[in-house]
Amino acid sequence: VQLQAFGGGLVQPGGSLRLSCAASFSVVVMGWYRQAPGKPRELVATITNGGSANYADSVKGRFTISRDNTKNTVYLQMNSLKPDDTAVYYCNALDWGVNYWGKGTLVTVSS
């Protein structure tokens, strides 16, 4: 599976960004992970092809994951961004027990 992510950038605290990631073909679970400098990679959110979503506690109520199965694309709407959300965000696909990763996209939350 090839994954291509778009949408990172610089945003002020309290602002919003939308990430998107297209997969080369349909997969069961797609999601987003992030890695801040000096920290391990962590789950942000995942969503199944049936629409069941799972979120890290740190982003619940602020981030929304969605997907368009007709386009094999997953989206991450990030609202009320905080400096602690600064990280490289990685798109992930899980299919038949195999994890696939896209290149990361940098999100910087700073005034």
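The following questions and replies go through the strands, the core, the disulfide and some single residues of a predicted model.

User: How do you know that Cys21 and Cys91 form a disulfide?
Analyst: The S to S distance of Cys21 and Cys91 is 2.0 Å. The cut-off for a disulfide is a pair of cysteine sulfur atoms within 2.5 Å, so the pair Cys21 and Cys91 qualifies. By this rule the count comes to one disulfide.

User: What makes the link of Cys21 and Cys91 left-handed, and where in the chain are its two ends?
Analyst: The angle about the S-S bond is -90°, and with that value the link is left-handed. Cys21 belongs to strand β3 and Cys91 to strand β9. The two cysteines are 70 residues apart, and the pair links distant parts of the chain. Both Cys21 and Cys91 are buried.

User: Why is Thr105 called buried?
Analyst: Buried means under 20% relative accessible area. Thr105 has 12% relative accessibility, so it counts as buried. Thr105 is part of strand β11.

User: What does Thr105 touch, leaving aside residues up to four places away in sequence?
Analyst: Thr105 touches Gly7, Gly8, Leu19, Ala87, Val88 and Tyr89. With Gly8 there is also a short distance to look at: a polar atom of the Thr105 side chain lies 3.2 Å from the backbone nitrogen of Gly8. The distance limit for a polar contact is 3.5 Å, and 3.2 Å is within it.

User: What makes the side chains of β11 alternate?
Analyst: Thr105, Val107 and Val109 point to one face and are buried. Leu106 and Thr108 point to the other face and are not buried.

User: How do you know that β11 pairs with β2 and with β9?
Analyst: Two strands pair if there are at least two bridges between them. Strand β2 (residues 9-11) and β11 have three bridges, in the parallel sense. Three bridges also join β9 to β11, and these two run antiparallel. The bridge partner of Gly9 in β11 is Val107, while Val88 has Leu106 as its bridge partner in β11.

User: Why are β1 and β7 said to stand at the edges of the sheet?
Analyst: The four strands of this open sheet come in the order β1-β3-β8-β7, with antiparallel pairing. β1 (3-6) and β7 (63-68) each have a single partner strand, so one side of each is left without a neighbour in the sheet. On average, neighbouring strands of this sheet are turned by 15° against each other, direction ignored.

User: What makes β3 a partner of both β1 and β8?
Analyst: Four bridges join β1 to β3, and six bridges join β3 (residues 17-23) to β8 (residues 73-78). Pairing needs at least two bridges, so β3 pairs with β1 and with β8. In the first pair Leu3 stands opposite Ala23 of β3; in the second, Ser20 stands opposite Tyr75 of β8.

User: Why is β3 described as largely enclosed by the rest of the structure?
Analyst: Five of its seven residues are buried, so β3 is largely enclosed.

User: Which residues of the largest nonpolar core touch the most other members, and which strands supply at least two residues?
Analyst: This core has 28 residues, of which Trp32, Leu76, Met78 and Tyr89 touch the most other members. At least two core residues come from each of β1, β3, β4 (29-35), β5 (42-48), β7, β8, β9 (87-95) and β11 (105-109).

User: Why is Asn72 called buried but Ser80 partly exposed?
Analyst: The cut-offs are under 20% for buried and over 50% for exposed, with partly exposed in between. Asn72 has a relative accessible area of 17%, so it is buried. Ser80 has 41%, so it is partly exposed.

User: What is the phi of Asn72 and of Ser80, and where is each found?
Analyst: Asn72 is not a glycine, yet its phi is positive, at about 50°. Asn72 is found in the loop between β7 and β8. Ser80, again not a glycine, has a positive phi of about 50°, and Ser80 is found in the loop between β8 and β9.

Methods:
Residues are numbered from 1 along each chain as its sequence is written. This is a predicted model: local features need pLDDT of at least 70, side-chain atom pairs count only at pLDDT 80 or more; totals for chains, interfaces and linings use all residues. Side-chain values use heavy atoms; hydrogens and water are left out. Axes are lines fitted to C-alpha atoms, for helices over the stretch in contact, and angles run from 0 to 180 degrees between N-to-C directions. A nonpolar core is a set of buried Ala, Val, Leu, Ile, Met, Phe, Trp, Tyr and Cys residues joined through side-chain atoms within 4.5 Å. Buried means under 20% relative accessible area, exposed over 50%, partly exposed in between (1.4 Å probe, protein chains only). A polar contact is a pair of N or O atoms within 3.5 Å; within protein, one must be able to donate a hydrogen and the other to accept it, and residues adjacent in sequence count only if both atoms are side-chain atoms. Contact means heavy atoms within 4.5 Å.
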